[in-house]
Amino acid sequence: MPGNRKRPAGEANTQLPAVFFDRWRQPFARFLRIEAAGGGALLLATLVALVLSNSPWAPWFLDLWETRVGLGVGSLEFSRSLRDWINDALMTLFFFMVALELKRELVLGELRSPRTAALSIAGALGGMLVPALFYLVLQLGQPGQSGWGIVMATDTAFVIGCLALLGPRIPQSLRIFMLSLAIVDDIGAILVVAIGYSHGFDGSMLALGGLGLVLVRAMALGGMRHLLGYFLIGSGIWLAVDASGIHPTITGVALGLLTPARRWVGDERLYGILSRVIAHPAGDHGSGDTKDRHTLQLAEVAARESLSPVERLGMALHPWVGFVIMPLFALANAGVSLSLTALGDSVTLAVVVGFVCGKPAGILLFSWLAVRTGLALRPPELGWRLLTGGALLAGIGFTMALFIANLALSGSVLDSAKLGVFLASLVAALAGSTLLMGASVGQRRHDAG
């Protein structure tokens with residue numbers, strides 16, 4: 001808007017419309033801030049779980065998560081352990097939020113450009129396939145063989161937290177690449193869970209869940225705006241998918257990707273409605289059923305609907321996921337008895353090698369192939385040394401690694417895998433952060449010279 005244009009009186013001295021236009025930078029920055037702070041809460045919860053599980057209170061702490069919680073009517077009972085409620089129900093909200101962020105990036109954000117998106121997608125694909133191959137080579141024919149999916153995912157919160165500690169010393173393009181890679185990575189991991197770690201397939205219940213998704217899509221196309229209806233249908237879909245034998249967290253991904261990314265009220269209509277609020281003369285009408293009151297209610301709806309459902313739901317859910325769901329998940333799943341003798345276990349070694357060696361190797365190899373073949377575009381400021389540092393950070397698997405480990409393994413093998421996840425995450429964080437700090441110092445010297 002030209003600065004010398006004379007504004008109507010109703011538009012004077014208002015800054016709000018400028019905020020509405022800023023639809024890409026601010027949501028991305030807000031996501032990074034919450035994700036980085038959420039990483040701190042996740043780390044604290046992990047440390048608490050480790051301390052308690054290696055203390056005199058360990059039996060009480062570990063048994064707490066096995067407490068059965070549910071409903072029973074006559075001979076019918078629907079219950080599961082507290083840990084399973086967290087892993088199956090609350091983690092559905094986590095994957096719903098991940099899918100929302102992916103949808104936003106694909107439609108409104110940095111991944112709208114196919115060649116820009118291709119770099120992150122290629123890196124994520126390599127970061128899943130190569131570490132799984134490394135793990136299988138080391139565990140083929142051994143008790144931990146079924147845990148190949150453990151080393152496939154990247155923990156978004158911890159990676160963004162590490163990047164936040166480095167501050168402005170690294171380019172924004174690396175943050176965008178790592179965030180996009182981690183989101184695609186998480187989606188890939190839940191597909192692995194749905195396909196590779198589901199049991200007892202029931203086609204009729206899955207078809208019922210699919211019918212529910214069709215209904216959700218029809219409701220969105222028909223202009224249904226009330227969240228309660230979507231929540232009730234979504235809960236029914238979750239129950240149907242759970243009964244089908246497929247892990248119910250896939251419901252969160254499906255519903256997130258079906259959420260509309262386009263806003264209902266555009267800027268021109270919004271400003272027109274707001275101008276009507278300004279134009280109404282003040283009168284002594286009280287708080288009854290007046291024209292002013294109807295206009296204010298209309299303005300409230302218009303202001304809310306000027307953000308897409310993807311943006312609104314993401315903003316509402318993200319703090320709950322970052323500061324409640326993820327710390328609860330860590331408390332329920334990160335408890336393991338630490339033992340020096342377990343350091344030499346083959347499963348521990350396979351997890352560490354998969355994350356620390358296989359993850360960066362896969363990301364760099366597939367990213368290089370995508371750029372070399374012209375499928376992907378690498379930003380000029382995002383050099384290969386920075387990409388290597390980011391690829392090392394991607395070896396922080398933690399949340400999804402523990403999630404898949406609990407599905408794939410049990411007993412002492414599970415404890416060894418958890419220990420491997422902790423060690424790999426620590427090594428990856430230190431190695432990636434050190435390399436990025438060195439790269440940023442070298443870049444500043446090069447610019448100064």
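Helices are DSSP runs of H or I that hold at least four residues, and they are numbered from the N terminus. The legends below use these numbers for a predicted model.

**Figure 1. Gly314 in helix 13 and its distant partner in sequence, Glu101.**
Gly314 belongs to helix 13, a helix that covers residues 309-333. With a relative accessible area of 18%, Gly314 counts as buried, because the cut-off for buried is under 20%. Along the chain, Gly314 and Glu101 are 213 residues apart, yet their C-alpha atoms are separated by 7.0 Å.

**Figure 2. The crossing of helix 4 and helix 13.**
Helix 4 is made of residues 82-107 and helix 13 of residues 309-333. Their axes come within 9 Å and cross at roughly 145 degrees. This crossing of helix 4 and helix 13 is left-handed. Sorted by class, the residues in the contact of helix 4 with helix 13 are 17 nonpolar, four polar and four charged.

**Figure 3. A salt bridge within helix 4, between Glu101 and Arg104.**
Side chains of opposite charge can pair when their charged atoms come close. The side chains of Glu101 and Arg104 meet in a salt bridge, with 3.1 Å from N to O. Both residues lie in helix 4, three residues apart, which is about one turn of the helix. An α-helix has 3.6 residues a turn, so residues three or four places apart point the same way. Is the pair Glu101 and Arg104 buried or exposed? Both Glu101 and Arg104 are buried.

**Figure 4. The salt-bridge network of Arg80, Asp88 and Asp242.**
Five salt bridges are counted in the model. Arg80, Asp88 and Asp242 are linked in a network of such bridges. In the bridge between Asp88 and Arg80, the closest N and O atoms are 2.7 Å apart. Asp88 is buried, at 11% relative accessibility, and Arg80 is buried too, with a relative accessible area of 10%. Arg80 also forms a salt bridge with Asp242, at 2.6 Å from N to O. Arg80 lies in strand 2 (residues 76-81) and Asp242 in helix 9 (residues 227-244), so this pair ties together parts that are 162 residues apart in sequence.

**Figure 5. Ala332 of helix 13 and Leu64.**
Ala332 is placed in helix 13. At 2% relative accessibility, Ala332 counts as buried. Ala332 and Leu64 are 268 residues apart in sequence, and the distance in space is 8.7 Å from C-alpha to C-alpha.

**Figure 6. Arg225, in a loop, and Pro309.**
Where is Arg225? Arg225 sits in the loop between helix 8 (203-221) and helix 9. Arg225 has 24% relative accessibility and therefore counts as partly exposed. In sequence, Arg225 and Pro309 are 84 residues apart; in space, their C-alpha atoms are 9.0 Å apart.

**Figure 7. Ile363 of helix 14 and Val130.**
Ile363 is part of helix 14, which covers residues 346-372. Ile363 is buried, with a relative accessible area of 1%. From C-alpha to C-alpha, Ile363 and Val130 are 8.4 Å apart in space, although 233 residues apart in sequence.

**Figure 8. A nonpolar patch on the surface.**
Which residues make this nonpolar surface patch? Leu133, Val137, Leu138 and Leu349 make the patch, with an area of about 380 Å². Helix 5, made of residues 114-139, gives the most to the patch, with three residues. One of the residues in helix 5 is Leu133.

**Figure 9. Helix 15, a mostly covered helix.**
Helix 15 runs over residues 384-393. How many of the ten residues of helix 15 are buried? Seven of the ten are buried. These buried residues are Leu386, Leu387, Gly389, Gly390, Ala391, Leu392 and Leu393.

**Figure 10. Phe398 and its positive phi angle.**
Phe398 is located in helix 16 (residues 398-408). The phi of Phe398 is near 25 degrees, which is a positive value in a residue other than glycine. With a relative accessible area of 3%, Phe398 is buried.

Notes:
Residues numbered from 1 in each chain as written. Predicted model: local features only at pLDDT ≥ 70, side-chain atom pairs only at ≥ 80, totals over all residues. Heavy atoms only, no water. Patch = residues over 30% accessible without salt bridge, like charges linked within 9 Å, V, L, I, M, F, W, Y side chains within 5 Å. Areas by Shrake-Rupley, 256 points an atom, 1.4 Å probe, with all protein chains shown as cover. Salt bridge = Lys/Arg side-chain N within 4 Å of Asp/Glu carboxyl O. Helix = DSSP H or I, 4+ residues; strand = E, 2+ residues; numbered from the N terminus. Buried < 20%, exposed > 50% of the residue type's maximum accessible area, 1.4 Å probe, protein only. Axes fitted to C-alpha atoms, helices over the stretch in contact; angles between N-to-C directions. Left-handed = near helix turned anticlockwise from the far one by under 90°. Nonpolar A, V, L, I, M, F, W, Y, C, P; charged D, E, K, R; others polar.
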